[in-house]
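Here's a walk through a structure, starting from one strand pair and working outward. Keep the 3D view open and turn it as you read.

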Amino acid sequence: MTMLDDRQIAAPWPTAYPQGYAVVDVETTGLARDDRIVSAAVYRLDAQGNVEDHWYTLVNPERDPGPVWIHGLTSEVLEGAPLFPEVAAALSERLADRVLVAHNAAFDWSMLAREYARAAVVAPVEQRLCTIALAKELRLPLPNHKLSSLAAHFGVVQQHAHHALDDARVLAEAFRPSLHAAARDGVRLPLLECRPLTEWSDSPVTPRIGYQASYQQNSWRPSRKRPACPYPNPGRYEKDKPLRQGMRVAFSGDTSIDRELLEDRAVEAGLHVATSVSRLTSLLVTNDPDAATSKTVKAKSFGTPVLEESAFTHLLRDVAPADAPASPAASPSVPPAASPSATTPAPAPSSE
């Protein structure tokens with residue numbers, strides 16, 4: 001007689017769990033309100049996290065693609081891609097009646113919600129689940145909450161980091177054992193409501209991509225002293241490599257994201273926000289590197305690396321830890337050729 005798994009007897013599948021999931025990843029031109037999606041991927045999963053199929057599309061952002069060295073999608077590649085309104089119906093079909101699952105789901109949902117609003121279509125998403133929040137609920141012994149760390153924990157191999165289809169595959173394969181662990185331990189899934197945007201108004205066209213005069217000297221929040229950065233300065237930022245915790249970052253000029261919010265994101269990622277530029281500054285973030293401000297002048301004289309806001313915000317998504325060697329950045333080459341939009345059956349995810 002074959003013995004049943006004790007866990008199956010002790011913990012039957014929770015009836016309150018969702019009946020299906022849509023694991024989503026999007027690559028974008030940046031993280032600001034007016035940035036656009038350049039590619040999107042969806043893995044549809046059944047109630048117990050088994051892969052049903054997957055779908056991938058390029059999206060013409062109708063603007064500069066942003067940091068190509070991160071996502072590998074050039075203007076030439078995206079020129080013939082469909083516009084978002086042209087793929088909205090196919091995407092909606094894959095999201096409908098499912099919980100949207102993503103790594104840092106607030107970001108993916110916000111980008112999708114804005115694209116749907118621009119297209120005057122309501123996104124068919126009612127709930128989302130962030131795999132970072134789920135990992136915290138499960139108390140997984142991760143060194144950090146990067147996708148690569150979650151993948152490594154479950155033995156999932158990344159092939160093309162920052163390629164939407166592969167990132168979605170990796171997340172789908174890591175989500176299934178996470179879901180089963182939650183079901184086994186009776187963990188309540190950290191589901192959040194998704195409220196679609198019903199109106200959209202694009203900001204006026206500005207002279208430089210990524211530039212908006214949204215930052216004002218009199219911020220709505222009171223000024224406050226930030227805690228000291230706990231990490232040592234690893235030195236200057238090097239092109240095509242990730243940011244490292246402890247790097248000293250200075251900002252100059254207007255930013256599309258509120259300056260204090262941008263600085264908060266940098267601090268949360270483990271960076272040191274500097275108020276001035278010195279020989280110790282790791283990089284300067286500015287949307288107008290040719291402006292004759294004191295910071296840009298000093299940066300040029302010191303040879304300090306300069307990044308535009310969109311490139312910096314992309315790099316903020318994957319900051320290397322201070323106590324480990326930096327992993328190589330995603331290859332700037334364009335991912336393997338694929339049709340602009342395709343649906344194919346997917347292989348089963350790796351075993352738990």
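Find strand S7, residues 248–252, and you'll see that S7 and S8 pair in the parallel sense over three bridges. One place to click is Ala250, whose bridge partner in S8 is Ala274. Bear in mind as you zoom in that this is a predicted model. Zoom out a little and the pair turns out to belong to an open sheet of four strands, parallel in its pairing, with the order S8-S7-S9-S10. Which strands stand at the edges? They are S8 (272–274) and S10 (306–307), and each has a single partner strand, so one side of each is left without a neighbour in the sheet. As a general reminder, strands of a sheet pair through backbone hydrogen bonds, either parallel or antiparallel.

Now for the helices that go with this sheet. Helix H9, residues 259–268, lies across S7 and S8 and runs at about 170 degrees to S7. Helix H10 (residues 294–302) lies across S7, S10 and strand S9 (283–286), with an angle of about 140 degrees to S9. Back in H9, the buried residues are Arg259, Glu260, Leu262, Glu263, Asp264 and Ala266. Their cover includes S7, S8 and helix H11 (309–315). After H9 comes Gly270, with a positive phi near 95 degrees.

Stay in this region and look for Arg236, which sits in the loop between strand S6 (191–193) and S7. Is Arg236 buried or partly exposed? Its relative accessible area is 36%, so Arg236 counts as partly exposed. Leaving aside residues up to four places away in sequence, Arg236 touches Met247, Arg279, Thr281, Ser282, Phe302, Gly303, Thr304 and Pro305. Two of these contacts deserve a zoom: a polar atom of the Arg236 side chain lies 2.5 Å from the backbone oxygen of Phe302, and a polar atom of that side chain lies 3.1 Å from the backbone oxygen of Gly303. As for Arg279, it is 43 residues from Arg236 in sequence, with a C-alpha to C-alpha separation of 9.4 Å.

Next, swing over to strand S4. Both faces of S4 are covered: Val99 and Val101 are buried on one side, and Leu100 and Ala102 are buried on the other. That fits a general pattern, since in a regular strand the side chains alternate between the two faces of the sheet. S4 runs parallel to S1, joined by three bridges, and parallel to strand S5 (residues 127–130), again through three bridges. Val101 is a handy marker here: Val23 stands opposite Val101, and in S5 the bridge partner of Val101 is Leu129.

From there you can step into the largest nonpolar core. It has 39 residues, and those touching the most other members are Tyr21, Leu45, Leu150, Phe175 and Leu189. Which elements give two or more residues to this core? They are strands S1 (20–28), S2 (37–46), S3 (51–58) and S4 (99–102), plus helices H6 (131–138), H7 (147–153) and H8 (164–185). H8 supplies the largest share, at eleven residues. For a second, separate core of 29 residues, look for Ala88, Trp109, Met111 and Val125, which are among its members. If you'd like a residue to centre on in the largest core, try Leu45: not counting residues up to four places away in sequence, Leu45 touches Gly20, Tyr21, Val23, Asn50, Val51, Glu52, Arg98, Ala172 and Phe175.

H8 has a polar detail too. Asp166 is found in this helix, and Asp166 is buried, with a relative accessible area of 6%. Beyond residues up to four places away in sequence, Asp166 touches Gln158, Gln159 and His160. A polar atom of the Asp166 side chain lies 2.9 Å from the backbone nitrogen of Gln159.

Finally, zoom out to the whole chain. There are eleven helices and eleven strands in it, and 51% of its 352 residues count as buried. Take the contacts between residues at least 6 apart in sequence: 71% of them join residues at least 24 apart. The chain exposes about 17500 Å², and carbon and sulfur atoms supply 53% of that area.

Key. Residues are numbered from 1 along each chain as its sequence is written. This is a predicted model: local features need pLDDT of at least 70, side-chain atom pairs count only at pLDDT 80 or more; totals for chains, interfaces and linings use all residues. Side-chain values use heavy atoms; hydrogens and water are left out. Buried means under 20% relative accessible area, exposed over 50%, partly exposed in between (1.4 Å probe, protein chains only). Contact means heavy atoms within 4.5 Å. Accessible areas come from the Shrake-Rupley method with a 1.4 Å probe; for residues, only the protein chains shown count as cover. A nonpolar core is a set of buried Ala, Val, Leu, Ile, Met, Phe, Trp, Tyr and Cys residues joined through side-chain atoms within 4.5 Å. A polar contact is a pair of N or O atoms within 3.5 Å; within protein, one must be able to donate a hydrogen and the other to accept it, and residues adjacent in sequence count only if both atoms are side-chain atoms. Two strands pair if DSSP finds at least two bridges between them. Axes are lines fitted to C-alpha atoms, for helices over the stretch in contact, and angles run from 0 to 180 degrees between N-to-C directions.
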